[in-house]
Amino acid sequence: MPRPTSGTTSTFSNSDFITLNARIVTCKKCPRLISHCSEVAGTKRRAWLDWDYWGKPVPSFGDPLARLLILGLAPGVHGANRTGRMFTGDRSGDFLFRSLHRAGFASRPDSIHAQDGLELRDAWITASAHCAPPDNKPSPAELRACRPFLERELDLLAKVQVVVTLGRIAFDTYLSILKSRGAIERVSDFRFGHGVLFDELQPALLGCYHPSQQNTSTGKLTQEMLDEVFALAAKFIRSGPGPSAPRQSSQPSPPSRKR
Ligand code: SF4
């Protein structure tokens, strides 16, 4: 079976996205996270012993002309850190993609591995930190170190109309960029809440609980609640100017498959 590729062979037509993802997957700015990703890739989880884990920073993926931007926290340690694609190979991803599929932003309702044929339509997925952190908790310094990648994406993704932030950290990360750019005065003027839409911002900002196993297993976030968020995002986007039909996505590199 094929081994993971380098991650720099993206099929994006836009060379800026290829360059950005290449910079992400080769980044080593956070020694703690690089070491954690690599260590987990060596030890593995019992269920995935026959996998070559990706084990390094995970690139973003989706439609470069997306009107929906989804900002998560960080790759799942046995999900994206294993498969090399955001929200792929774990329950969080399945939860997210079921809702994205229902709202017309994903070609299939699950996300199994990087070569499963899944395509995003009119949507782009990225993260506040591109490396899987211990206990799912990147430090403030690690979030700051990774922020320039997100800032660059925001510059490149010129068509975005709605930013859905998954969880409070992603919400604050995004607002901190807006503040540093002078687009808002204070981060504290915006209160995170599930389904809360700030349409006075451009792009609009839509808060959403993170589909972590902790949130979904306790019922803090149900599938219906997630469906509602992406239905609202779709309604907002498709009632505005621009194409109403979903577009085909570009895929990132096909990084990892089961051996
Ligand atoms: S979290 Fe971001 S900045 Fe830190 S090593 Fe990973 S890719 Fe680089």
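Which residues come nearest to the ligand, of the 14 around it? Cys-27, Cys-30, Pro-57, Cys-131 and Cys-146 do. Keep in mind that this is a predicted model.

Let me stay with the ligand for a moment. By class, its shell has 10 nonpolar, 1 polar and 3 charged residues. For those of you who count cysteine elsewhere, Cys is put with the nonpolar class here. As for where the shell comes from, helix H2, residues 31-43, and helix H5, residues 140-156, each supply at least two residues. H5 gives the largest share, with 3 residues.

Now the overall layout. The protein has 8 helices and 6 strands. Along the sequence, the pattern reads α-α-β-β-α-α-β-α-β-α-β-β-α-α. There are 259 residues, and 48% of them count as buried. On contacts: take the pairs at least 6 apart in sequence, and 72% of those contacts join residues at least 24 apart.

Next, the sheet. It is an open sheet of 6 strands with mixed pairing, and the order is E1-E3-E2-E4-E6-E5. The edges are strand E1, at 61-62, and strand E5, at 197-198, each of which pairs on one side only. As a reminder, strands of a sheet pair through backbone hydrogen bonds, either parallel or antiparallel.

I will go through part of that order, beginning with strand E2, residues 68-72. E2 pairs with E4 in the parallel sense, over 4 bridges. Within that pairing, Ile-70 has Val-164 of E4 as its bridge partner. On to strand E6, residues 204-208: E4 and E6 are also joined in the parallel sense, here over 5 bridges. Val-164 turns up again, standing opposite Leu-206 in E6. The pairing of E5 and E6 is antiparallel, over 2 bridges. There, Phe-198 stands opposite Leu-205 of E6.

That leaves E4 itself. Why is strand E4 described as largely enclosed by the rest of the structure? The strand covers residues 162-166, and 5 of the 5 are buried, so E4 is largely enclosed. The cut-off behind that word is 20 or more other C-beta atoms within 10 Å of the residue's own. Both faces of E4 are covered. On one side the buried residues are Val-162, Val-164 and Leu-166, and on the other they are Val-163 and Thr-165.

To put E4 together: the strand has E2 as a parallel partner, E6 as another parallel partner, and buried residues on both faces. That is what I have on the ligand shell and the sheet.

Terms used. Residues numbered from 1 in each chain as written. Predicted model: local features only at pLDDT ≥ 70, side-chain atom pairs only at ≥ 80, totals over all residues. Buried ≥ 20, exposed ≤ 12 C-beta atoms within 10 Å, placed from the backbone. Pairing = 2+ DSSP bridges. Near = placed C-beta within 6 Å. Contact = placed C-beta atoms within 7 Å.
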